[in-house]
Amino acid sequence: MGENGAGKNQTHLINRQVFDVSGDGPPQATAGSKCFDDDGHLKRTGTVWTASAHIITAVIGSGVLSLAWATAQLGWIAGPTVMFLFSFVTYYTSSLLADCYRTGDPVTGKRNYTYMDAVHANLGGLQVKICGLIQYINLIGVAIGYTIAASISMVAINKSNCFHSSGDKSPCRRSSNTYMIMFGVVEIFFSQIPDFDQIWWLSIVAAVMSFTYSIIGLALGIGKVAENGKIRGSLTGISIGAVTETQKVWYSFQALGDIAFAYSYSLILVEIQDTLRSPPAESKTMKKATLTSVSVTTFFYMLCGCFGYAAFGDRAPGNLLTGFGFYNPYWLLDIANAAIVIHLVGAYQVYCQPLFSFVEKTATKWFPESEIIAKEIKIPIPGFKPYKLNLFRLVWRTIFVVLTTVISMLLPFFNDVVGLLGAFGFWPLTVYFPVEMYIAQKKIPKWSTRWICLQILSVACLIISIAAAVGSFAGVVLDLKSYKPFKTSY
């Protein structure tokens with residue numbers, strides 16, 4: 001993610017915004033420069049394929065693993081329908097957001113380097129602060145959710161091998177704390193990668209891993225359906241009796257949150273778009289990348305969710321590959337769960353880089369003379385460019401990873417956390433702000449047909465988000481009744 005370049009007058013105004021990450025950038029490059037873009041930054045090199053890899057890495061995360069459970073709550077009619085509707089809304093609002101990367105002219109207008117830069121340029125005022133608060137709380141939440149998901153997959157590998165060696169007779173209970181700490185140590189190391197531009201390779205590796213475990217989960221689901229000789233499930237989802245009427249309502253709402261979380265990536269879309277080269281216009285490339293990635297992920301989501309439900313019916317596990325609906329072949333489960341862990345290592349970075357950048361640029365503004373914040377120590381690496389170690393980056397990012405790891409150990413409720421994150425972030429970041437920015441950018445008149453349609457979309461998604469939040473919160477309350485801090489095992 002490139003550093004920001006803005007004029008001095010604009011920067012003076014932007015600096016007043018509490019959550020803004022803009023800062024003084026390099027001087028404007030001359031038109032047609034071979035080495036610099038129009039804002040004075042080094043030429044961006046991103047393509048539709050690197051952007052698609054970033055999006056797929058962000059989207060096909062731990063969310064895919066809960067889709068069989070979500071489909072089981074909603075049934076054969078509502079489950080696939082809701083997934084398709086969420087995919088359409090995500091694609092449509094992401095296209096609106098892509099048009100807000102530049103203010104004014106879509107080719108030559110001023111660039112907005114982050115999601116909040118776009119909100120500041122198009123909406124301004126209090127909305128920037130609200131957006132920043134929601135965005136960064138959501139990013140912290142995603143880091144916690146991914147830590148939980150990665151630890152569960154590592155536990156699943158251990159349990160799978162335990163079941164295999166004991167002949168399925170041992171309970172094989174394992175604490176997740178050790179695995180969360182292991183994941184945290186790895187993230188401390190990768191968190192020292194300075195910015196978004198330098199993690200493209202990690203995104204590609206993570207995207208490959210996401211396809212790996214999605215395909216394995218799909219294959220196991222198909223195999224289970226073939227073994228059963230029938231398609232399980234019902235048109236309306238899990239039946240009353242297996243759960244109470246109240247639980248049916250809460251679980252259905254929570255399923256909406258799980259599906260919303262599975263599609264959430266809008267909060268990093270602008271940062272991804274800022275890595276794209278031009279021409280063609282960044283918005284055109286981003287719309288192609290969005291269409292490609294959302295189509296691919298929806299295809300996988302439909303298959304994984306539907307075949308998982310077809311295989312297990314009402315008993316579909318909350319996490320398809322770790323809920324031990326499958327026991328064999330154990331080596332294939334190990335590969336799938338290892339792929340999940342590797343993917344989440346990359347996805348954690350994709351989501352946290354915007355937050356890292358915000359804190360570091362804010363610290364630079366507040367303490368411009370501080371050597372701890374500004375000074376970089378060059379560490380020679382044989383065969384590579386010297387690594388520039390920044391002490392502030394080392395300390396602050398390490399503290400962040402440690403805190404998210406500790407919180408994950410305190411709240412290790414996978415489905416409930418996923419549902420809460422989806423509910424909390426979906427409407428404001430995926431729908432409300434993109435819609436409002438697009439209306440401001442295109443100067444759409446109030447009460448015009450298009451304005452009314454966009455507002456109906458926004459209100460409908462708000463209602464869904466509230467329902468999902470209520471259901472997920474109820475799930476957390478139920479879990480807390482039998483919960484002991486730092487003693488969770490699977």
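Exposed here means over 50% relative accessible area, and buried means under 20%. Keep those cut-offs handy, and bear in mind that this is a predicted model.

**Exercise 1. Find where Lys 443 and Trp 447 lie, and decide whether each is buried or exposed.**

Start with Lys 443. Lys 443 sits in the loop between helix H14 (414-442) and helix H15 (449-480). Its relative accessible area is 68%, so Lys 443 counts as exposed. Now look at the backbone: phi is positive at Lys 443, about 55 degrees, although this residue is not a glycine.

Trp 447 belongs to the loop between H14 and H15. With a relative accessible area of 66%, Trp 447 is exposed. Trp 447 is not a glycine, yet it has a positive phi of about 65 degrees. For background, most residues other than glycine have a negative phi.

**Exercise 2. Work out which residues pair with Glu 282 in salt bridges, and what those pairs tie together.**

Step one is the cut-off: a side-chain nitrogen of Lys or Arg has to be within 4 Å of a carboxyl oxygen of Asp or Glu. By this rule the model has 4 salt bridges.

Step two is Arg 102. Its salt bridge with Glu 282 has the closest N and O atoms 3.0 Å apart. Glu 282 is in helix H10 (residues 282-312) and Arg 102 is in strand E1 (residues 102-103), so this pair links parts 180 residues apart in sequence. Both Arg 102 and Glu 282 are buried.

Step three is Arg 111. Arg 111 also makes a salt bridge with Glu 282, with 3.1 Å between the closest N and O atoms. Because Arg 111 lies in strand E2 (residues 110-111) and Glu 282 in helix H10, the pair ties together parts that are 171 residues apart in sequence. Arg 111 is buried, as is Glu 282.

For another of the bridges, go to Arg 397 and Glu 360, whose side chains meet at 2.7 Å, N to O. Arg 397 is in helix H13 (residues 391-410) and Glu 360 in helix H11 (residues 330-366), so the pair ties together parts 37 residues apart in sequence. Arg 397 and Glu 360 are both buried.

Finally, put the shared partners together: Arg 102, Arg 111 and Glu 282 are joined into one network by their salt bridges.

**Exercise 3. Check the span of H13, then work out how H6 and H11 cross it.**

Take the span to begin with. At 1.5 Å a residue, the 20 residues of H13 should cover 28 Å, and the end C-alpha atoms are 29 Å apart, which agrees. Among the buried residues of H13 are Trp 396, Arg 397, Phe 400, Val 401 and Thr 404.

Next comes H6 (residues 177-190). The axes of H6 and H13 come within 9 Å and cross at roughly 160 degrees. That makes the two helices roughly antiparallel, since angles over 145 degrees count that way. H6 passes H13 in a right-handed crossing. The residues that meet include Met 180, Ile 181 and Gly 184 in H6, and Val 401, Thr 405 and Met 409 in H13.

Then H11. Its axis and that of H13 come within 11 Å and cross at roughly 130 degrees, so H11 and H13 are oblique to each other. Their crossing is right-handed. On the H11 side the contacts include Cys 352, Phe 356, Val 359 and Glu 360, and on the H13 side they include Trp 396, Arg 397 and Phe 400.

**Exercise 4. Locate Ser 151 and find what it contacts outside its own stretch of sequence.**

Ser 151 is in helix H5 (residues 126-166). Its relative accessible area is 0%, so Ser 151 is buried. Setting aside neighbours within four places in sequence, Ser 151 is in contact with Ser 176, Tyr 179 and Met 180. Ser 151 and Met 180 are 29 residues apart in sequence, with their C-alpha atoms 5.1 Å apart. Met 180 has turned up already, as one of the H6 residues that meet H13.

**Exercise 5. Decide how far H2 is enclosed by the rest of the structure.**

H2 (residues 48-59) has 12 residues and reaches 16 Å from first to last C-alpha, close to the 16 Å expected. Of those 12 residues, 9 are buried, so H2 is largely enclosed by the rest of the structure. The buried set includes His 54, Ile 55, Ile 56 and Val 59.

Note on methods. Residues numbered from 1 in each chain as written. Predicted model: local features only at pLDDT ≥ 70, side-chain atom pairs only at ≥ 80, totals over all residues. Heavy atoms only, no water. Helix = DSSP H or I, 4+ residues; strand = E, 2+ residues; numbered from the N terminus. Buried < 20%, exposed > 50% of the residue type's maximum accessible area, 1.4 Å probe, protein only. Expected span 1.5 Å × (residues − 1). Axes fitted to C-alpha atoms, helices over the stretch in contact; angles between N-to-C directions. Parallel < 35°, antiparallel > 145°, perpendicular 65-115°, else oblique. Left-handed = near helix turned anticlockwise from the far one by under 90°. Contact = heavy atoms within 4.5 Å.
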